Amino acid sequence: MTTLNAQAHPISSVDVLAPIYKASGDPLRLEILRVLRRDTFGVLELSQLFDMRQSGMSHHLKVMHKAGLVEPQREGNAIFYRRPLHLDNDKPTDLTIRQIFEAVDRAPLPVHLQEKIESIRNQRADQSQAFFSRHSEQFREQQELIAAFDLYAAPVADMIRKRTRKRQWQTALEIGPGEGGFLPVLSELCEHVVALDNSRDMLAKATRTCIEERLNNIDLIEGVTDTLLARGDAFDLVVANMVLHHVPSPADIFLDAAALMNNSGCLVISDLCRHDQNWAKENCGDLWLGFEPEELTAWAAAAGLKAGEQLFIGLRNGFQIQVREFWKTQLPLR
């Protein structure tokens, strides 16, 4: 009798799907999911985007988190929210969540939301730029509180040289060259190199490096990736060393890099894995406390890039660096 009763009332997939549909059955929550397509936002930022009190936004996010539609991400003393990184298409719940994301992504964001998102990104960019303006003279010392330059520059150079044995890089772009420490490597391997930075102080340091090292095939440009997109530039190789955790929207770096890359081009990134050392925000100007490897892979895939070789470097101070390559088209990676 007990067996019959148990079989008569099995847990159906409808039962586990109902909370997801209930949590997403609200226009505001669907809008929240849309703005989280690529970006990660804090509760205060989301409140600013949707003109509502923090308590009301926190309630919506709590409901969405419980249903698996969003997941929290601690950035120092603040909680940010993003779409979940791990969704399994074999699970009915995850498949449903993915289908909801795909549905809301088909509709473009309203202009007023796009403008507010851009305003928040500009606020983040101003914060980062102000830090580097104040501390440009101590740039190397600040950065080496986390990782000495050679600890990530050498593996990045080795990864690029490994590919150079099979192909020639004609043009290269380094996003955020800092003092220009990596420019001699790119100058040696590529015919023409562009170094792009939005900090005039850092570009001045990179210029001095180019003069001292006699690097005659490098153009230094003040601006952001939009500057190069407007010019119609195209590159075989794009490099971003320890840059992502300083930019307002890391996912956009992948989109812009893909748009700036020639077919069969390669993007090489070194950056911090996720950590909880909040002092890096104040002392090093970091906007983000590193990234899960899956985050970079997901952003790359959304930009049409395929993940290639990866390397993880553990440091004595508890940080871990990931060195990753991503290709614009499928290439033999071995």
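# Exercises on a predicted model

Buried residues (those under 20% relative accessible area, with exposed meaning over 50% and partly exposed in between, for a 1.4 Å probe and protein chains only) make up 50% of the 334 residues in the protein. The model is predicted, so local features need pLDDT of at least 70 and side-chain atom pairs count only at pLDDT 80 or more, while totals for chains, interfaces and linings use all residues. Residues are numbered from 1 along each chain as its sequence is written, and side-chain values use heavy atoms, with hydrogens and water left out.

**Exercise 1.** Determine how the radius of gyration of the protein compares with that of a compact globule.

*Solution.* Begin with the rule, which takes 2.2 Å times the number of residues to the power 0.38, the radius itself being taken over C-alpha atoms. For 334 residues this gives a value near 20 Å, and the 22 Å of the protein agrees with it. Then consider the extents along the principal axes, where the C-alpha atoms fill a box of roughly 85 × 45 × 40 Å. Finally, turn to contacts (heavy atoms within 4.5 Å): of those between residues at least 6 apart in sequence, 70% join residues at least 24 apart.

**Exercise 2.** Describe the setting of I97, starting from its secondary structure.

*Solution.* The protein has 15 helices and 10 strands, which are DSSP runs numbered from the N terminus (helices are H or I with at least four residues, strands E with at least two). I97 lies in helix 6, which covers residues 92-105. Next comes accessibility: because its relative accessible area is 3%, I97 counts as buried. Leaving aside residues up to four places away in sequence, I97 touches I20, A67, G68, L69 and L87. As a last step, compare sequence with space for the pair I97 and L30, which are 67 residues apart along the chain and 12 Å apart from C-alpha to C-alpha.

**Exercise 3.** Examine the backbone angle phi of D51 and of R214, and then decide whether D51 is buried or exposed and whether R214 is buried or exposed.

*Solution.* Take D51 to begin with: although D51 is not a glycine, its phi is positive, at about 50 degrees. D51 lies in the loop between helix 4 (43-50) and helix 5 (54-66), and its relative accessible area of 63% is why D51 is classed as exposed. R214, likewise not a glycine, has a positive phi of about 55 degrees. The loop that holds R214 runs between helix 11 (200-213) and strand 6 (218-222), and R214 counts as exposed because its relative accessibility is 70%.
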